[in-house]
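The following paragraphs lead through one protein model, from its overall dimensions to individual residues. Please keep the sequence and the coordinates at hand while reading.

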Amino acid sequence: MANQEHITQLHQGVSCWNTWRSQEHRLQIDLVEANLAYAEVSKANFSGADLSLANLGGSNLVGANLREANLTLANLSGSNLSLATFQDVTLCMTNLSGTNLSLANLSTVNLSLANLSGANLSGAVLRNANLMGVNLSGADLTNADLTDANLSGANLNGANLSHAQLCDTELSGANLSGANLTRANLSGAVLRKTNFNGARLKEADLSNTDLHAVKLDGAILENVKH
């Protein structure tokens, strides 16, 4: 359970919270299982905080500092995380469905088994991110950079990946059925047993890819580069 003193400090407002954090910078912040649904915590300093199992659904986290925070199994569904800092954050098994992560820098972040269904990740940077088994069904990943990311076993059913960078990305066993990959760059990607049934791959770059046992039933392959 969360430390009640820490909850009380946060309820005094972001300005007071950030001042307190600067004065108590060595203190380990314990917000485990805290109920912060719909909280107005824009630009709050949560660096190094333990927010595992916390409820932040619908909260305003614009510009928040989440560096080295632990958000394992936390609920952030419907929250606004634009411009937040994610360096070395842990988001394993986190509920991020319907969140706004547009233009977010999630490079090298652990998002394995997270729920990002319907999330806005347009223009997000996910280079070298761990996205194994992640649920990105219906997510907006237009212009996202997923270079060298691990998406093995991920669910991208119906996702929009138009103009996305997927160079050297691991997509073995991933489900991209019905996804929009128009002009996506998949050069060098590993696509072993990947499901592209019904996907739109118009003008996509599939050069130097591993297409072993790939599924392409009903896929649109017009002007594909290979």
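Accessible areas are obtained by the Shrake-Rupley method with a 1.4 Å probe. On that basis, the chain of this predicted model exposes about 9,700 Å², of which carbon and sulfur atoms supply 45%. Of its 226 residues, 48% count as buried.

The secondary structure consists of 2 helices and 0 strands. The radius of gyration of the chain is 19 Å, close to the 17 Å given by the globule rule for 226 residues, so the chain is as compact as a globular protein of that length. Taken along the principal axes, the box filled by the C-alpha atoms is roughly 60 × 25 × 25 Å. Among contacts between residues at least 6 apart in sequence, 6% join residues at least 24 apart. As for charge, the chain carries 12 positive and 18 negative charges, and the mean positions of the two sets lie 7 Å apart.

Attention may now turn to the interior. The largest nonpolar core has 74 residues, and those touching the most other members are Phe46, Phe86, Leu161, Leu181 and Leu186. Helix 1 (4–11) and helix 2 (14–23) each supply at least two residues of this core. The largest share, 3 residues, comes from helix 2. Leu161 illustrates the packing: leaving aside residues up to four places away in sequence, Leu161 touches Leu141, Leu146, Leu156, Leu166, Leu176, Ala179, Asn180, Leu181 and Ala184. One of these partners, Leu181, is itself among the core residues that touch the most other members.

Next comes the surrounding of Asn45, a residue in the segment after helix 2. Which residues does Asn45 touch, not counting those up to four places away in sequence? They are Trp17, Asn18, Arg21 and Asn65. Asn45 and Ser22 are separated by 23 residues in sequence, while their C-alpha atoms are 9.1 Å apart.

Finally, the backbone deserves a closer look. Most residues other than glycine have a negative phi. Lys43 has a positive phi, near 65°, without being a glycine. Lys43 belongs to the segment after helix 2, and it counts as exposed because its relative accessibility is 61%, where the cut-off for exposed is over 50%. Asp168, also not a glycine, has a positive phi of about 60°. Asp168 is likewise found in the segment after helix 2. With a relative accessibility of 44%, Asp168 counts as partly exposed, since that class lies between the limits of under 20% for buried and over 50% for exposed.

Conventions:
Residues numbered from 1 in each chain as written. Predicted model: local features only at pLDDT ≥ 70, side-chain atom pairs only at ≥ 80, totals over all residues. Heavy atoms only, no water. Helix = DSSP H or I, 4+ residues; strand = E, 2+ residues; numbered from the N terminus. Rg over C-alpha atoms; globule rule 2.2 N^0.38 Å. Buried < 20%, exposed > 50% of the residue type's maximum accessible area, 1.4 Å probe, protein only. Contact = heavy atoms within 4.5 Å. Lys, Arg positive; Asp, Glu negative; His and termini not counted. Charge placed at Lys NZ, Arg CZ, Asp CG, Glu CD. Core = buried A, V, L, I, M, F, W, Y, C linked by side-chain atoms within 4.5 Å.
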